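Biologist: I am new to this structure and would like a close look at a single part, the helix packing, with some single residues for context. Please define each term where it first comes up.

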Amino acid sequence: KAYAGFPSLPAQLPQFPNWLPTKGSDNLWHLQDSVFKTPRCQLWLKLSVASPLRESLVSASGQVRLSLLARLIRDALNETTYLAGEANLHLGFSDKHYGLDVRAGGFHHKLPLLLEAGLQELRAFGDATVWRERLQDNHFLRRFEAQREEELRSYRNAYMKPGDHCADLRRALVMPHHRLAPEKAAVLVALDAGAIAKFAQEFIPSLQAEILFSGNITAKEAQEFANKLPQWLGRASQTQVAASGRDQSESRLISHLNHPPMRIVELPNGSPTIWIQNSHDAGNRNVAVELYWQFGQI
């Protein structure tokens, strides 16, 4: 009786999003907000490449090129994202081991316009005609040098703290694709705008999309967005596996098999692996230690 006046708890959200068939993306996942009912939604767009381009991202050269390309895209969208932020919208590009991540969110009725602007800028970075103009544009070349210098500074200062250095060594120990900052800095020193232009023209047209919508957006609206995605990326529409007559459960399985994996090293069972390395800053007397445990096969 003491709690009779308390409001009832809202129904829990579904644990997993639903897979939806679409012509515009290899995978579309949707989670409808049925609790908060605010006019907002979040979108995660996973843009990955298949072999052999995926293997090129394992090298320091491929990772540096991708990281600098993502930085250039963010810089080109800086004015757009600033104005969007004033309207409580956000859009960001980040480089990953499989390609690019695009994250956007805010009021859902204006979000498609922001996404279209961002993806059209991404498409422009894969256009040979646009690159010919940019390589002759002194303003763009100055912006390129500024972004390259900022990236180079981040690599050279990455290990100022022993804890950051130790954490990066641990990642390099267990993830074969992970490259240390000095190796990336050495690649970036010799990189110019022409090399990024060549990489972008090969990389961007090959991107395949996986989409997750969450929030106050219907399944129909999510599908409509996904169907526009090939046009915004400048490539022919791809037909879903589900449209070929297979059932949806089989389609989900086939799509999942094409998901870009992250490989890690399997540590020897019962034998500890120890890596000791001097500090990047010889004058720093602090010590950092990281312990990493790994489960065996389950």
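Modeller: What follows starts with the whole chain, goes on to the helices, and ends with single residues.

The model is predicted, so to speak of local features a pLDDT of at least 70 is needed, side-chain atom pairs count only at pLDDT 80 or more, and totals for chains, interfaces and linings use all residues. Residues are numbered from 1 along each chain as its sequence is written, and side-chain values use heavy atoms, with hydrogens and water left out.

The protein has 11 helices and 6 strands (DSSP runs numbered from the N terminus, helices being H or I of at least four residues and strands E of at least two). Of its 298 residues, 37% are buried (buried is under 20% relative accessible area, exposed over 50%, partly exposed in between, with a 1.4 Å probe and protein chains only). Among contacts with a separation of 6 or more, 78% join residues 24 or more positions apart (a contact is heavy atoms within 4.5 Å).

Now the helices. Helix α8 covers residues 181-189, and Ala181, Lys184, Ala185 and Leu188 are its buried residues. Viewed down the axis of α8, these buried residues fall within an arc of 100°, so they line one face of the helix (the arc is that of the directions from the helix axis to the C-beta atoms). The cover over the buried residues of α8 includes α2 (60-76), α6 (138-156) and α7 (162-174).

Take α2 against α8. Their axes come within 9 Å and cross at roughly 70° (axes are lines fitted to C-alpha atoms, for helices over the stretch in contact, and angles run from 0 to 180 degrees between N-to-C directions). The two helices, α2 and α8, are therefore roughly perpendicular to each other (angles under 35 degrees count as roughly parallel, over 145 as roughly antiparallel, 65 to 115 as roughly perpendicular, and the rest as oblique). On the α2 side the residues that meet α8 are Ala60, Ser61, Gln63, Val64, Arg65 and Leu68. On the α8 side they are Glu183, Lys184, Val187 and Leu188.

Helix α2 also packs with α6, at an angle of about 130° and with the axes 10 Å apart. That makes α2 oblique to α6. The contact is made by Val64, Ser67, Leu68, Arg71, Leu72 and Asp75 of α2. From α6 it takes in Arg143, Phe144, Gln147, Arg148, Glu150, Glu151, Ser154 and Tyr155. The crossing of α2 past α6 is right-handed (a crossing is left-handed if the near helix is turned anticlockwise from the far one by less than a right angle, and right-handed if clockwise).

Helices α2 and α6 appear again around α9. Helix α9 runs over residues 193-203, and Ala193, Ala195, Ile196, Ala197, Phe199, Ala200 and Phe203 in it are buried. What covers them includes α1 (53-56), α2, β5 (99-107), α5 (128-134) and α6.

Next come some single residues. His30 sits in strand β2 (residues 27-32) and is buried, at a relative accessible area of 5%. The His30 side chain reaches the backbone oxygen of Ile217 at 2.5 Å, a polar contact (a pair of N or O atoms within 3.5 Å; within protein, one must be able to donate a hydrogen and the other to accept it, and residues adjacent in sequence count only if both atoms are side-chain atoms). Beyond four places in sequence, His30 is in contact with residues including Pro17, Leu20, Phe213 and Ala222.

Thr22, in the loop between β1 (18-19) and β2, counts as buried at 6% relative accessibility. Its side chain and that of Asn227 are joined by a polar contact of 2.8 Å.

Ala117 belongs to helix α4 (residues 111-124) and counts as partly exposed at 30% relative accessibility. Not counting residues up to four places away in sequence, Ala117 touches Leu77 and Thr80. Leu77 is 40 residues from Ala117 along the chain, and their C-alpha atoms are separated by 8.5 Å.

Asn88 lies in the loop between α3 (78-86) and β4 (90-95). Asn88 has a positive phi of about 60° although it is not a glycine, and is partly exposed at 47% relative accessible area.

Gly296 lies in the segment after α11 (248-257) and is exposed, at 55% relative accessible area. From Gly296 to Asn269 is 27 residues in sequence and 7.8 Å in space, C-alpha to C-alpha.
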